[in-house]
Amino acid sequence: MDQQEYQARFEETMMPHLDAAYNLARWLTRNEHDAQDVVQDAFLRAFRFFDGFHGGNSRSWLLSIVRNTTYTWLQKNRKQELVTVPVQTLLEVEDPGSSPATLLDARLDQHAVRQAPEELPVEFREVTILRELEGLSYREIAEISEIPIGTVMSRLARARRLLQKTLSERQATTRPAREPQSKEEI
């Protein structure tokens, strides 16, 4: 296949996934400009190794490259972000009855809800974004992240607990003090 055919096939196969690639990179790097750089580098890598793509799920294949490129970039530029959160922190959820959906129903500030995933450690942020925003299956996430499906499920559960804790804490600090309604409450 000549260079023009190769490029046309690459563009036809990979360009529909540009937004998903950017979304993943943006959430992992937490910076618009860094994400653009990562996606550009990832697309260059994908183009260079496109002859190794033999069909199948092009979105997963590309997102694997974006993920690996992002982790390489983070290792080089922000090594401190690759630190895992201690398990004890995950167990310190103050209100186990509150789910993320309940907290959203409580009408938290949209900015706080959008900011919460950005505060997750990168390995939790990654699986959350791939599952909740990109709608990928556990199997696809496992392939992209190069981890077992059980680890994907575990990371998602931990990420959800961290989100719950973060949103609960924000709700507690933004909730106005309630006036007693009766003598019994005084």
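**Exercise 1. Work out which residues of α3 are buried and how they sit around the axis.**

Start with the list: D34, A35, V38, V39, A42, F43 and A46 are the buried residues of α3. Buried here means under 20% relative accessible area, exposed means over 50%, and partly exposed is in between (1.4 Å probe, protein chains only). Helices are DSSP runs of H or I with at least four residues, strands are E runs of at least two, and both are numbered from the N terminus.

A word on the model: it is predicted, so local features need pLDDT of at least 70 and side-chain atom pairs count only at pLDDT 80 or more, while totals for chains, interfaces and linings use all residues. Residues are numbered from 1 along each chain as its sequence is written, and side-chain values use heavy atoms, with hydrogens and water left out.

Next, the geometry. The buried residues of α3 cover an arc of only 165° around the axis, so they lie on the same side of the helix; the arc is taken from the directions from the helix axis to the C-beta atoms. An α-helix has 3.6 residues a turn, so residues three or four places apart point the same way.

Now flip the helix over: H33, Q40, L44 and R48 are exposed on the other side of α3. Finally, find the partners. The buried residues of α3 pack against α1, α2 and α4, where contact means heavy atoms within 4.5 Å.

**Exercise 2. Check the span of α3 and look at its start.**

With 17 residues, α3 reaches 24 Å from its first C-alpha to its last, close to the 24 Å expected at 1.5 Å a residue. That expected span is 1.5 Å times one less than the number of residues. At the start of α3, a side-chain oxygen of N31 comes to within 2.9 Å of the backbone nitrogen of H33.

**Exercise 3. Find the residues with the most partners in the largest nonpolar core.**

First, the rule: a nonpolar core is a set of buried Ala, Val, Leu, Ile, Met, Phe, Trp, Tyr and Cys residues joined through side-chain atoms within 4.5 Å. The largest one has 33 residues, and M14, A21, F43, L62, L63, V66 and L130 touch the most other members.

Then map it onto helices. Two or more residues each come from α1 (3-14), α2 (18-29), α3 (32-48), α4, α8 (122-133), α9 (138-145) and α10 (149-174). The largest share, 7 residues, comes from α4.

Zoom in on L63: beyond its neighbours within four places in sequence, L63 is in contact with A20, A21, L24, L130, L136 and I144. There's also a second, separate core of 7 residues, including L120, F124, L162 and L163.

S60 lies in α4 (residues 58-77) too. S60 counts as buried because its relative accessibility is 5%. Not counting residues up to four places away in sequence, S60 touches E140 and I144.

**Exercise 4. Decide how enclosed α8 is.**

Count first: 9 of the 12 residues of α8 are buried, so α8 is largely enclosed by the rest of the structure. They are V122, E123, F124, R125, E126, V127, T128, I129 and L130. For length, α8 reaches 15 Å from first C-alpha to last, close to the 16 Å expected. After α8 comes G135, whose phi is positive, near 70°.

**Exercise 5. Zoom out to the chain.**

The tally is 10 helices and 0 strands. Of the 186 residues in the chain, 41% are buried.

Notes
A polar contact is a pair of N or O atoms within 3.5 Å; within protein, one must be able to donate a hydrogen and the other to accept it, and residues adjacent in sequence count only if both atoms are side-chain atoms.
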